[in-house]
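User: I have a chain open on my screen and would like to go through it with you. Could you start with the basic terms?

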Amino acid sequence: MKKVSQAGKGELAFAGSLFLLSLVVFWDTHRLVLPTNNTVVSPRTFPYIVATVLMLASIGILIEVLRGREALPEGAEPGEPFQRADFRTMAIIVAAIGLYTFLLERTGYIISSTIAFWGVAYAFGAKRMLRLGAIAFVFSIIIYFAFTNLLGIQLPKWVIENLITKMGG
């Protein structure tokens, strides 16, 4: 067994998460209440197959990483130095999406989506904040109008959405 590199530690974390997910699927499937009628295939069959595949995949990844055969990241060439993840960017994106989820029912679709679009674009390096906010706001209005007035799918409303609904018919 070789010493695990920095990239291998990430793969071990992934394999561990996959293994834990398989245990959760096994546990949840075991708790599934079966129907009283006779069925040819049990409702537990497919979840047990998924859990088994997840568990086998996680064990396979674990073995490969511990043997020293780590996966090559997409777009990287063999021998290139390992580039650490940009946790600041990931944190900003997670915060923007979390804030979107929190604000959606409280402020309506347009404001929460504007904040989410702005946050994700900022995380990816956009510089002009005022222009970025305006584009995010207009984009949110267009999407809101398209969903509610053209497709008939209702999105959460607040003050701005009520104005748009009145204008749209």
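Analyst: Helices (H or I, at least four residues) and strands (E, at least two) are DSSP runs, numbered from the N terminus. This is a predicted model, in which local features need pLDDT of at least 70 and side-chain atom pairs count only at pLDDT 80 or more, while totals for chains, interfaces and linings use all residues. Residues are numbered from 1 along each chain as its sequence is written, and side-chain values use heavy atoms, with hydrogens and water left out.

User: How many helices and strands are there in the chain?

Analyst: The chain has five helices and zero strands. Read from the N terminus, the order of elements is α-α-α-α-α.

User: What share of the residues counts as buried?

Analyst: Of the 169 residues, 22% count as buried. Buried means under 20% relative accessible area, exposed means over 50%, and partly exposed lies in between (1.4 Å probe, protein chains only).

User: Which residues make up the largest nonpolar core?

Analyst: That core has six residues: Leu-104, Tyr-109, Ile-110, Ile-143, Tyr-144 and Leu-155. Both α3 and α4 supply at least two residues of this core, and α3 gives the most, with three. A nonpolar core is a set of buried Ala, Val, Leu, Ile, Met, Phe, Trp, Tyr and Cys residues joined through side-chain atoms within 4.5 Å.

User: Let me turn to α3. How far apart are its end C-alpha atoms?

Analyst: They are only 11 Å apart, although helix α3 (residues 87-123) has 37 residues and a straight helix would reach 54 Å at 1.5 Å a residue. The expected span is 1.5 Å times one less than the number of residues. Helix α3 also has a kink of about 140°, centred on Thr-107. The bend at a residue is the angle between axes fitted to the seven residues ending there and the seven starting there.

User: And what about the span of α4?

Analyst: Helix α4 (residues 129-151) agrees with expectation, because its 23 residues should span 33 Å and its end C-alpha atoms are 31 Å apart. The buried residues of α4 include Leu-132, Ala-136, Ile-143 and Tyr-144.

User: What follows each of these two helices?

Analyst: Gly-125 follows α3 and has a positive phi, near 105°. Just after α4, Gly-152 takes a positive phi of about 75°.

User: Now the surface. Which residues make the nonpolar patch?

Analyst: Phe-19, Leu-20, Leu-23, Ile-59 and Ile-63 make a nonpolar surface patch of about 400 Å². Two or more of its residues come from each of α1 (6-30) and α2 (45-66). Patches are made of residues with over 30% relative accessible area and no salt bridge, with like charges joined within 9 Å and nonpolar side chains (Val, Leu, Ile, Met, Phe, Trp, Tyr) within 5 Å. Accessible areas come from the Shrake-Rupley method with a 1.4 Å probe, and for residues only the protein chains shown count as cover.

User: Why does Ile-63 count as partly exposed?

Analyst: Ile-63 counts as partly exposed because its relative accessibility is 38%. This residue is found in helix α2.

User: Last topic: how many salt bridges does the structure hold?

Analyst: It holds two salt bridges. A salt bridge is a side-chain nitrogen of Lys or Arg within 4 Å of a carboxyl oxygen of Asp or Glu. One joins the side chains of Asp-28 and Arg-31 (3.7 Å, N to O), and another joins those of Glu-64 and Arg-67 (4.0 Å, N to O).
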